[in-house]
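Me: I would like to go through this structure by question and answer, with the reasoning set out before each result. Where shall we begin?

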Amino acid sequence: MPISCSTNLKIRPDHLDRQALIYVRQSTMIQVRENTGSTARQYDLVPRALNLGWPTEHIRVIDQDQGHSGASAAGRDGFQFLVAEVSLKHAGAVLCLEASRLARSCSDWYRLLEICALTDTLVIDEEGVYDPGQYNDRLLLGFKGTMSEAELHWLRQRLLGGKQAKAEQGQLRFRLPVGLVYDPTGKVVIDPDEEVHQAVRLAFDLFVQRGSALAVVTHFAKHRLRFPTRGWGGSHDGELIWGRLSSGRILSMLHNPLYAGAYVYGRTITRSQLLPGEAPRIKGRTRQIKPGDWPVMLLDAHPGYISWEQFRRNQQKLDDNRTWRTAERRGAVREGAALLQGIVLCGWCGRRMSVRYVQGGRAPVYECNQAHTQHAARTCQTMRGDGIDAAVARSFLAAIEPAQLEVSLAALGRIEERARQIERQWQLRKERSQYEADLARRRFLAVEPENRLVARSLEREWNDKLSAIEQLEREHAALPKTAMRLASPEDRRRILALAQDLPKVWHSATTTNTERKQLLRLLIKDVTLTRREKIITIAIRWQTDALTTLELPRLRKSWEARQTDARAVELIRQLAPSHTDQQIARCLNEAGLSAGLGGAFSQRKVGFIRWAYGIATACPERPKGCPSGQRGDERYSAQKAAELLNVHVSTISEWCKSGRLDSISTAPASPRWIKLTPEIIAELRRPVRRRHHRHCVSEA
Ligand SMILES: [Zn+2]
């Protein structure tokens, strides 16, 4: 091997005293298996090290990274061992075929160079010997590292670009979901196996009818229906495997646009990320991309099971069914009694209102508490739900009346259709097992009788198939046939008769809350509730976007229920100046008003209300109740007037009779109310001293 003079100068005896580490790596196991030439070239570095002067015992080959990409140091134990050895100054030189073998990432590469420079370790490749401590060598090595990283990037770009270009023409092939297959010319077609495409069709039909993925799974489980999977790649390519339908399967089907005849590429994106832990490793994380951002989408590219519009509706429905982030979604129908669960909106803030149950779960309460639960703000509004539910139900029943016959007929049609589909699935299943048994029989008959070993195993297979048919027959017979029974003509008449009276069905005890809610959602999109002081406004938005507004008197709170009628309080306020409590009570009872807790008004009750509302009284017989002696129209009681004018009450009475004072009274015997102005008081008031003097005299 030609080694220049300057190269030899770089290798000093102290380098030769340390180890020569030879790093061997290929990116994938396939390369290791098939590209043996490169591996051999890498191992040829051992004679090269010997040639450069390292003794055999100092040469060490690091090859535990076979099959690992050089894109990162993570997961490459050999590379990390190498770095450790270099750091500990155990290595005199690191040998590799080219820089890219050591690291395809610049950060790993520069780290290694840095450590090599610090520990005076040489880097040797096919072309020369470099001392990272020397600036020129380091510059060259730096370039090599950068180029190696760039090479990886370009390689990937070219591959991805090719893939993308192929996908844009709808020609990139990938694993198809069950129910769709590639025909011999490479076109996507509906699976020709009738049992398979019937099962897929049934799953989609059921979702449209039931509106929930879980309901589809339940239906399949209940009727013991099986769902197919087709093997992909390997020895089981194209093989059918029948099993139970899981919710993950049905969800991925519903989200898959291929079933709607669209060719889509790039529904997910995978990014590498470092997983923390004892030994950090890099792992790809796959994320879904929103339908609007799919890089390639070709509509009507192949036959599908559903239309594109139906696919969009299914997505919307699945989105609605989600229970998290309920602000924007209806959520699936639940078992609770609250009729408007999931479709009720707050009229103040527009958020979706939640349902809570009180009185042992009997009475629903609609509550707008999202702002409260999320950022401790005030609860927007809360209201009892039973009255609201009843009002909406009335409105719903009224709306459905003209259409009720069609609705029920359609429902009946759906039930029949479903029953037929189930029966068809079972027939296909039986046909398939019969076919398999026939095949096994033919195979058994075709074999030479001398070939006993083969004949025996074929006979066993035939027997197995026959018992499988029997098993299937038994399972089918054991299934409840309710669905079929419903479709009989007399049942049809019965259902039709029942449908005439939808309100009866609605109120029937056998109708579940879930069914009522599903019925309601057929016509009603959402309901907005707004609570004002006295009324609750219920705005019903129908599926047609028409709007109906109802008003409901707000249910009174317990303290409000005990509160005196505002009209009674007003009347008391009017009568108080001129009437006694007893008279007021009589007036209130005559007006047909009742006290807060029910029952007639009494003198005591009126007295309490006056006290509670601070209404001045007109009762001279109870001066404590009227300390000022002056009533609302500024007239004074006789007692007070006497006090103010410094005369005896009898004098006041005389003055009133003679007309010297302006007085009124409601009845001949009832108290007088005297008008006093500052001028009248000044004119008629007796001097205090004289009265005092008279007192003294009388006392004496
Ligand atoms: Zn609100």
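Reply: In this predicted model, a useful place to begin is a contact between two helices, in which Val569, Ile572 and Arg573 of H23 meet Val606, Ile609, Arg610 and Tyr613 of H25. Sorted by class, the contact of H23 with H25 has 2 charged residues and no polar ones, and its nonpolar residues number 5.

Me: How are H23 and H25 oriented towards each other, parallel or perpendicular?

Reply: The axes of helix H23 (residues 566-575) and H25 come within 11 Å, and they cross at roughly 90°. Angles of 65 to 115 degrees count as roughly perpendicular. The crossing angle falls in that range, which means that the orientation of H23 to H25 is roughly perpendicular.

Me: Which residues of H25 make the contact with H24, and at roughly what angle do the two helices cross?

Reply: From H24 (residues 581-590), the contact is made by Asp581, Gln582, Ile584, Ala585 and Leu588, and these meet Gln603, Val606, Gly607 and Arg610 of H25. The residues of this contact divide into 4 nonpolar, 3 polar and 2 charged. The axes of H24 and H25 (residues 603-613) come within 8 Å, and the angle at which they cross is roughly 100°.

Me: In which order do the strands of the open sheet of 3 strands lie?

Reply: The edge strands are S15 (354-358) and S17 (382-384), each of which pairs on one side only. Strand S16 (residues 363-367) pairs with S17 in the antiparallel sense over 3 bridges, with Glu367 standing opposite Thr382 of S17. The twist from one strand to the next averages 30°, and the order of the strands is S15-S16-S17.

Me: How many residues lie between S18 and S19 in their hairpin?

Reply: Strand S18 is joined to strand S14 (residues 344-346) by 3 bridges in a parallel run, where Cys346 stands opposite Leu529. S18 also pairs with strand S19 (residues 535-542), here in the antiparallel sense and over 7 bridges, and Ile524 stands opposite Trp542 of S19. The number of residues between S18 and S19 in the hairpin is 3.

Me: Which residues are the closest to the centre of the second largest pocket?

Reply: The second largest pocket has a volume of about 1,200 Å³, and its lining has 15 nonpolar, 11 polar and 7 charged residues. Elements that give two or more residues to this lining include helix H9 (135-168), helix H12 (247-255) and helix H13 (308-321), together with strands S10 (263-265) and S11 (268-275). Of the 33 lining residues, the closest to the centre are Gly266, Arg267, Thr268, Ile289 and Trp294.

Me: Which helix gives the largest share of the lining of the second largest cavity?

Reply: The structure holds 2 cavities of 30 Å³ or more, and the second largest has a volume of about 30 Å³. Its lining consists of Glu195, Leu225, Arg226, Trp242, Gln425, Trp426 and Arg429, which divide into 3 nonpolar, 1 polar and 3 charged residues. The largest share of this lining, 3 residues, comes from helix H16 (residues 404-446).

Conventions:
Residues numbered from 1 in each chain as written. Predicted model: local features only at pLDDT ≥ 70, side-chain atom pairs only at ≥ 80, totals over all residues. Heavy atoms only, no water. Axes fitted to C-alpha atoms, helices over the stretch in contact; angles between N-to-C directions. Helix = DSSP H or I, 4+ residues; strand = E, 2+ residues; numbered from the N terminus. Contact = heavy atoms within 4.5 Å. Nonpolar A, V, L, I, M, F, W, Y, C, P; charged D, E, K, R; others polar. 1 Å grid on protein atoms, 1.4 Å probe; cavity = no way out; pocket = protein on both sides within 12 Å on 5 of 7 lines; lining within 4 Å. Points joined across faces, edges and corners; volume = space filled by probe spheres on them. Pairing = 2+ DSSP bridges. Parallel < 35°, antiparallel > 145°, perpendicular 65-115°, else oblique.
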